[in-house]
Amino acid sequence: MQTVFHLTSDDPEQQQTVLTIAENLSTDDSVEMDDIAIVAQAGGIEPLTAGGDGSDTVESLLADGFSVKACGNTLDLEDLAESDLVDGVETVPSGGGELTRLQDDGYAYIRP
């Protein structure tokens, strides 16, 4: 199974909730996961920035094999460069486009 989490909130508590739910899914022995992805855009980009609130959790998820993707449109709007992101975060042209592609590839969509 494959799941993608959509991270859009600028609320640090909501961001941590999304990251924790994704992490909990990876340790749930009742499901076999092939991939867990997180796509961040709009206000949800903060945890993906180096030194941002939640960046430690993002680093841990990347080390555990998660796919973490940042919306290129959001980076442009926020005047952020790829070098501002946690090492290992992938940039995609648009969050909406990436979510559409992943869902077309069979990923379950979760937006807590």
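**Exercise 1. Find which exposed residues sit on the face of helix H4 turned away from its buried side.**

Step 1. Start with the outward face: Thr-100 and Asp-104 are the exposed residues carried there, on the face of H4 turned away from its buried side. Keep in mind as you look that this is a predicted model.

Step 2. Now turn to the other face. Gly-95, Glu-98, Leu-99 and Leu-102 are the buried residues of H4. Because they cover an arc of only 100° around the axis, they lie on the same side of H4.

Step 3. Here is a general rule that helps. An α-helix has 3.6 residues a turn, so residues three or four places apart point the same way.

Step 4. Finally, ask what the buried residues meet. They pack against S1, S2, S3, S4 and S5. Just past the helix, Gly-106 follows H4 and has a positive phi, near 100°.

**Exercise 2. Work out the order of the strands in the sheet, and name the edge strands.**

Step 1. Five strands form an open sheet with parallel pairing, in the order S4-S3-S2-S1-S5.

Step 2. Strand S4 (90-92) and strand S5 (108-110) are the edges, since each of them pairs on one side only. On average, neighbouring strands of this sheet are turned by 25° against each other, direction ignored.

Step 3. Walk through the pairings. S1 and S2 run parallel and are joined by six bridges, with Thr-3 opposite Ile-36 in S2. Four bridges join S2 to S3, again in parallel, and Ala-37 stands opposite Ser-67 in S3. Strand S3 (residues 67-71) pairs with S4 over three bridges in the parallel sense, and here Ala-70 faces Thr-91 in S4.

Step 4. Add the helix from the first exercise. Helix H4 (residues 95-104) packs on this sheet, and its direction makes about 160° with that of S2.

**Exercise 3. Explain why S2 counts as largely enclosed.**

Step 1. Count the buried residues: six of the six residues of S2 are buried, so the strand is largely enclosed by the rest of the structure.

Step 2. Sort them by direction. Asp-35, Ala-37 and Val-39 point one way, while Ile-36, Ile-38 and Ala-40 point the other way. This fits a general pattern: in a regular strand the side chains alternate between the two faces of the sheet.

Step 3. Follow the chain on either side of S2. From S1 the chain crosses through H1 to S2 in a right-handed β-α-β crossover. S2, H2 and S3 also make a right-handed β-α-β unit.

**Exercise 4. Decide whether Gln-15 is buried or exposed, and do the like for Gly-51.**

Step 1. Locate Gln-15 in helix H1 (residues 12-26). Its relative accessible area is 3%, so Gln-15 is buried, the cut-off being under 20%.

Step 2. See what its side chain meets. A polar atom of the Gln-15 side chain lies 2.8 Å from the backbone oxygen of Ser-9. The side chain of Gln-15 also reaches the backbone oxygen of Gly-43, at 3.0 Å. Other residues that Gln-15 touches include Leu-7, Glu-46, Pro-47 and Asp-53.

Step 3. Now visit Gly-51, in the loop between S2 and helix H2 (55-63). With 71% relative accessibility, Gly-51 is exposed, as the cut-off for that is over 50%.

Step 4. End with a distance. Gly-51 and Ser-26 are 25 residues apart along the chain, and their C-alpha atoms are separated by 24 Å.

Note on methods:
Residues are numbered from 1 along each chain as its sequence is written. This is a predicted model: local features need pLDDT of at least 70, side-chain atom pairs count only at pLDDT 80 or more; totals for chains, interfaces and linings use all residues. Side-chain values use heavy atoms; hydrogens and water are left out. Helices (H or I, at least four residues) and strands (E, at least two) are DSSP runs, numbered from the N terminus. Buried means under 20% relative accessible area, exposed over 50%, partly exposed in between (1.4 Å probe, protein chains only). A polar contact is a pair of N or O atoms within 3.5 Å; within protein, one must be able to donate a hydrogen and the other to accept it, and residues adjacent in sequence count only if both atoms are side-chain atoms. Contact means heavy atoms within 4.5 Å. Two strands pair if DSSP finds at least two bridges between them. Axes are lines fitted to C-alpha atoms, for helices over the stretch in contact, and angles run from 0 to 180 degrees between N-to-C directions. The arc is that of the directions from the helix axis to the C-beta atoms. A crossover is right-handed if, with the strands pointing away from the viewer, the path from the first strand over the helix to the second runs clockwise.
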